[in-house]
Every structure is written in C-alpha cells, then in structure tokens.
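Student: I have not worked with this chain before. Could you show me how to read its features one by one?

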Amino acid sequence: MRVSAAVVDGLHGRFDVRDVEIDDPGPGEVLVRIAASGICHTDAATRDGNLPFPLPGVLGHEGAGTVVAVGEGVSEVREGQAVVIGWPWCGRCRHCRAGEHRYCQSVFALASSGGRQDGSSALRDLTGERLSSHFFGQSSFATHSVTYESSLVPVPDGLPIGLLGPLACGLATGAGAIFYTVRPSPGASVAVYGVGAVGLAAIMACVNTTATTIVAVDRHESRLALAKQLGATHIVNTTQEDPVRALHDICDGPADYALDCTGTVSGARQAADSVGMLGTCVLVGGTSAGAELNLDHGSTLRGKSIVGVLGGGGRSRELIGALMDLYAQGRFPFDRLIEPFPLDRIEDALEASARGEVIKPVLTMPG
C-alpha cells in the first residue's frame, strides 16, 4: 500500500514528505490510518543522534487514528475503531508481567531498533529499499502506521481523535510522574522545573491531587502565565530570580517534591537542590546522551530521594484512558497546549517548538 510519510534520510537531515510503501499488518499487528501525531522533543533528538535509530526511516511516536485493517490473531480492536497508539512492550519480561509496561526490559529495542522484533521493517521507499519503521512501535509521522495491538488504547465515543496523540508520550510522561511516582500527600508542595508540554501536564495532574502548593519554574513568561491559568499556585521566572531561593521562600523551606522537566543538567541540579530532608526529586526530562549529574553527597544522605521516571510509568491503557476521561470531564484541558500543523509543514512545526513559540505541535494528516 502506498502512503505519505515524513522520511529522514540521514543524521541531522530534514524531514522529507514523500510517498512510501507500507506492509499489510502481520500477526498481532494493526494498520492505523493516522489522524494526527504529536511532535515530541525525542523525535528531534533522535534525528540528531541522541537516541540510536537507523536512518533512513520514519519517526513519530504520538499517533492517534482509526484502525483500518487487523492482522492474524487480533481480537481486542476492530476495523473502524478510534485509537491512541501507546508505547510498545514485550509482555514477557518480569517488568511486563508485574504490570510495569513502561519499564519493559526490551523497551529500547522495541522503540528504536528500526523494525519489528524479528528485524523486518514495515516500510520501503518506492525503489524497494528498506526504511526503518516501528519507532516506539509506530513511526506515526505518516498517514498510516503498522503497530502492535497491545500498544493500542481505545478512544471513547465523542472525543476529538485529532487532539489525542500527545497523550501517548509527552503528556502521559508529565502526568504519570505525578500520579505514579510523586503521589503528593495532603498539603504537599510540588515544584515543576520547565513548563513545556511535559511540565504543564504535570501541573494539570497536580491539580487533580491534594497538593496545595504547585510552583511552575521557567524562563518564558508566556508559559508561566499559562501554568498559572492551568492551576499553578505560584510561578518563578528564572531570568529574574534564583529559583532555589525563591522556592524555599514560597514553601517556607525546601519543597516536598520537585520535577525536572527541562531535560538539562542545570535544571536537574536546581530541582534536586529545591528539596530537602525526605524530599523527592523526580527526573523526567531526557538530556543529551552521556550527560552526568553531580549532586551534593551530604545533602542527599539526609533522606533525599532522586528518582528517574520513564514515560510517566504505568500502563498505556490505564494512564491514557484516565487522561482521556479527565479531559472529557474538563479536569485535564491539554487542548490548550496544542498547535496544529499539516504534515508538509513539519519543519516549520519543529522550528516553532525549538523557539518556544509553540508548546505542543501536532501534525495533521492529509485527508
């Protein structure tokens, strides 16, 4: 079948929208007609080599659309069903058996090997040459995606499928870190460093807990203003004041929890310094490959916890399903973060995101 896709031919290359060939779904697989796919920082980082993925190939891992064909053995979704494509997981390792699908021991191979578990790819160019597929199990910068049945999350009737793709990764990452890892106790204080899509999702999730002090920390005044509208009780502009000192003033001492959603070593260190005895610093944002974080040993000895979170934790079906329900109830208004771009403007979307002009760009597919 011939489809349109944004292909990256090599490291640091441009996304070139062109026709490619895609396989029919195999056993356990589903063909999804993509309505829209969010752009995540990980897509740009992979294009630039910070996550290994063989090129040429098709990226994209926040896809949502409609099932158009199913492979042998597929029984949990049907043709015509609207779905969000979550992360892949093997279902066999001890983490999967324990319900920790985001920490599947094969997650990195499934996400970035460039094909199925047997090594084959679902994509080829029009000359028959292989293109890497199955980025995070989907490669959704395309009008169609061959993905795994186990990754799919059914969409309740009435929800706008074109908005829902970002729930697959970026928004689930921020919200899941709050719901699964932070789990703030009544009256807790939570600081969120970096209020892009991931950080704003964390703030919206905090509003659905008993945390009473929610502090947004960023250098963009427009994002801080939006964070306040979405539920932050306080804001700190890092261009105007020292964030650690400001947080200690706001919280009358160290914060109980701090999330680093900046993906920078400096942001992670500031988040770690913002919590004290028995406080928890949660590392959410991914930084460049090989980056190292230095911490004060004496401070960490005093019961301070430093924990990393991958993709928000949990299971796609439960987490994404809950976020869709919260959105329908008006309690997780993530649509305020989204700016749509047609697929053929993918480079414009990436540049607007890099400049901080757009919080969550979403590619809409032709037709």
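Tutor: We will go through strands, burial, salt bridges, surface charge and distances, keeping in mind that this is a predicted model.

Student: Let me start with sheets. What holds the strands of a sheet together?

Tutor: Strands of a sheet pair through backbone hydrogen bonds, and the pairing is either parallel or antiparallel. In this structure, 5 strands make an open sheet with antiparallel pairing, in the order 4-1-2-7-8.

Student: Which strands stand at the edges of that sheet?

Tutor: Strand 4 (57–58) and strand 8 (130–131) do. Each has a single partner strand, so one side of each is left without a neighbour in the sheet.

Student: How is strand 8 joined to strand 7?

Tutor: Strand 7 covers residues 123–124, and 2 bridges join this strand to strand 8 in the antiparallel sense. To find the place by eye, look for Arg-124, which stands opposite Arg-130 of strand 8.

Student: What lies between the two strands?

Tutor: A loop, and Gly-128 is found in that loop. With a relative accessibility of 45%, Gly-128 counts as partly exposed.

Student: Which strands does strand 6 pair with?

Tutor: Strand 5 (residues 63–70) is joined to strand 6 (residues 82–85) by 3 bridges, and the two run antiparallel. Here Gly-65 stands opposite Val-83. Strand 6 also pairs with strand 10 (residues 152–154), again antiparallel and over 3 bridges. In that pairing, Ile-85 has Leu-152 as its bridge partner.

Student: Where can I see a parallel pair?

Tutor: Look at strand 11 and strand 12 (residues 213–218), which pair in the parallel sense over 5 bridges. Val-190 has Ile-214 in strand 12 as its bridge partner.

Student: Is strand 11 mostly covered or open?

Tutor: To read burial, take the relative accessible area of each residue: under 20% is buried and over 50% is exposed, with partly exposed in between. Strand 11 (residues 189–193) is mostly covered, as 5 of its 5 residues are buried. The cover is on both faces: Ser-189, Ala-191 and Tyr-193 are buried on one side, and Val-190 and Val-192 on the other.

Student: What does an exposed residue look like by the same reading?

Tutor: Take Phe-108, in helix 3 (residues 107–112). Phe-108 has a relative accessible area of 54%, so this residue counts as exposed.

Student: Next, charges. When can side chains of opposite charge pair?

Tutor: They can pair when their charged atoms come close. The cut-off used for a salt bridge is a side-chain nitrogen of Lys or Arg within 4 Å of a carboxyl oxygen of Asp or Glu. By this rule the structure has 15 salt bridges.

Student: Which residue forms a salt bridge with Glu-21?

Tutor: Arg-2 does, with the closest N and O atoms 3.7 Å apart. This pair links distant parts of the chain: Glu-21 belongs to strand 2 (residues 15–22) and Arg-2 to strand 1 (residues 2–8), 19 residues apart. Glu-21 is partly exposed at 22% relative accessibility, whereas Arg-2 is exposed at 52%.

Student: What other pairs could I look up?

Tutor: Asp-9 and Arg-18 meet in a salt bridge at 2.8 Å, N to O. Both count as partly exposed, Asp-9 at 43% and Arg-18 at 23%. Another salt bridge joins Asp-348 to Arg-345, where the closest N and O atoms are 3.1 Å apart. Asp-348 is partly exposed at 34%, and Arg-345 is partly exposed at 37%.

Student: Which residues are linked in a network of salt bridges?

Tutor: Arg-14, Arg-47, Asp-48 and Glu-347 are linked in this way.

Student: Which residues gather in a patch of negative charge on the surface?

Tutor: The patch holds Glu-241, Asp-242, Asp-249 and Asp-252. Glu-241 sits in the loop between strand 13 (234–237) and helix 7 (243–250). With a relative accessible area of 38%, Glu-241 is partly exposed.

Student: Last, how should I read separation in sequence against separation in space?

Tutor: Give both values for a pair. Gly-128 and Glu-21 are 107 residues apart in sequence, and their C-alpha atoms are 8.1 Å apart in space. For Phe-108 and Ala-291, the separation is 183 residues along the chain and 18 Å between C-alpha atoms.

Technical notes
Residues numbered from 1 in each chain as written. Predicted model: local features only at pLDDT ≥ 70, side-chain atom pairs only at ≥ 80, totals over all residues. Heavy atoms only, no water. Patch = residues over 30% accessible without salt bridge, like charges linked within 9 Å, V, L, I, M, F, W, Y side chains within 5 Å. Areas by Shrake-Rupley, 256 points an atom, 1.4 Å probe, with all protein chains shown as cover. Lys, Arg positive; Asp, Glu negative; His and termini not counted. Charge placed at Lys NZ, Arg CZ, Asp CG, Glu CD. Helix = DSSP H or I, 4+ residues; strand = E, 2+ residues; numbered from the N terminus. Buried < 20%, exposed > 50% of the residue type's maximum accessible area, 1.4 Å probe, protein only. Pairing = 2+ DSSP bridges.
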